[in-house]
Amino acid sequence: MRTAHRVETVRAAEAALMARLPEGALMRRAAAGLAAACCSLLGMGRVYGARVVLLVGSGDNGGDALYAGARLARRGAGVTAVLLGARAHEAGLAALRAAGGRVTGPHDDPYEALAGADLVLDGITGIGGRGGLRPDAVPLARAARGSDAVVVAVDLPSGVDADTGEVTGEALRADATITFGTYKPGLLVDPAREYAGALRLVDIGLGATLPSVPDLEALQHEDVARLLPVPAAESDKYRRGVVGLVAGSARYPGAAVLAVSGALRGGAGAVRYVGPAGEAVIAAHPETLVHAGPPDKAGRVQAWVAGPGLGEGPGVSLALEQLLVTDVPVLVDADGLRGLTPEAVRGRSAPTLLTPHAGEAAALLGVAREEVEAGRLAAVRELAARYGATVLLKGSTTLICAPDPGTPVRVNPTGTSWLATAGTGDVLSGLAGSLLAAGLPPLDALSAAAYLHGLSARRASQGTAPISAADVAAGLPGAWRDVMG
């Protein structure tokens, strides 16, 4: 599992560790890992003679870059430091000069060094930076990005917000980011994630001083494998979980079919479908238990999913009202989110799950869509707190947040832009509903569903081919097998 911690937490952990270490030892640890990563990126046989440019700010990130540059210079690289402030880390500068590195003077042209660089280290600003790059740093950052060099961010790309993932000004887009001690939330959350490139974590010994509960976490295969339900010898369809789906309409019967597909391929013992698209559902999935409605007459379920393709009308509100008074988990998606109020959700005794995209989240919060997309982490936290629900915010980074503020937000690492096609959200809803019905807690059900959903899309597209929602649903058993090994 990848875990991320806020700047305040990282600084406290670093201070506690530095109190037990010789002065400068922690920075030299970080620089050693940074230099090793740069050697790997250059190719072990290409370090000698490589041209490396350091963009050095006045903070500790600049010191990390200088010490790493000194190590590269001792291995035969030609290293030039470009200072972007009136001061720089003195010990780091001394180490670089002692190793044979250069520091540009007031009459040197830094753009000439960038033009021929093989690798650029971005040590302009660190985890404390806010609001984008300073105007005087922007031309150099653009030149670095426009060069043929590999751009490596030191701990965090300069100009992005470490805590939120927001990018409110200009930032330097990296090919790779070498981060220290723990991941920072902004490295895992868009839009900042797109600036980070490939991520590598360097262990500098912070583990013992960081709190055991992170701010963000990203599940990996083994984490999801521990969550997924596997039938036992005594299992029957009720023990495996029966999920109810209120979905589809005369206009959107396909939404019902796709949601049922997701639920069946998500391991549900049985699926009860309620709605007007029964004929289409039975034609695609004859094992489905179809009922015309209302939901409270459909039979026993362990979880409900409501919303995909319902359209508009009084029947939608009535069906949702019936579901929200039940004592089983209810997942609300798509059209079911329209007009939903915090009061309707917070009074429930059973869990409620909401799965909006950015536009639906904006409507629920009463803000502009652009505000949600720019501050995804803040938006999902606010939704979970306001509605007292577990929220999955879809988008370029899928985030899952429980209503308990002490629970880490989860970020899904398997998402792909090929999921940006109609109907994939319906598949996700059905899949999550099946895991809820199997007994997974809301946060785990949404996390595992998002992981399998993204993995299935990646498998279907192989990274380069267009796919449909039906392809994603069909690929779920294969994604499940991949995770379970």
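Two strands are taken to pair if DSSP finds at least two bridges between them. On that basis, seven strands of this predicted model form an open sheet in the order S4-S3-S2-S5-S6-S7-S8, with parallel pairing. The edges are held by strand S4 (102-103) and strand S8 (198-202), each of which has a single partner strand, so one side of each is left without a neighbour in the sheet.

At the S8 edge, strand S7 (residues 176-180) pairs with S8 in the parallel sense over five bridges. Within this pairing, isoleucine 178 stands opposite arginine 200 in S8.

The sheet belongs to a protein whose secondary structure comes to 21 helices and 18 strands. The radius of gyration is 26 Å, close to the 23 Å that the globule rule gives for 485 residues, so the protein is as compact as a globular protein of that length. The C-alpha trace spans about 80 × 40 × 40 Å along the principal axes of the protein.

Overall values for the protein are collected below.

| Property | Value |
|---|---|
| Buried residues | 56% of the 485 residues |
| Contacts with a separation of 6 or more that join residues 24 or more positions apart | 70% |
| Exposed area supplied by carbon and sulfur atoms | 52% of about 19700 Å² |

With regard to charge, the protein has 43 positive and 47 negative side chains. How far apart do the centres of the two sets lie? The separation between these centres is 4 Å.

How values were computed. Residues are numbered from 1 along each chain as its sequence is written. Side-chain values use heavy atoms; hydrogens and water are left out. Helices (H or I, at least four residues) and strands (E, at least two) are DSSP runs, numbered from the N terminus. The radius of gyration is taken over C-alpha atoms; the globule rule is 2.2 Å times the number of residues to the power 0.38. Buried means under 20% relative accessible area, exposed over 50%, partly exposed in between (1.4 Å probe, protein chains only). Contact means heavy atoms within 4.5 Å. Accessible areas come from the Shrake-Rupley method with a 1.4 Å probe; for residues, only the protein chains shown count as cover. Lys and Arg count as positive and Asp and Glu as negative; His and the chain ends are not counted. The place of a charge is taken as NZ of Lys, CZ of Arg, CG of Asp or CD of Glu.
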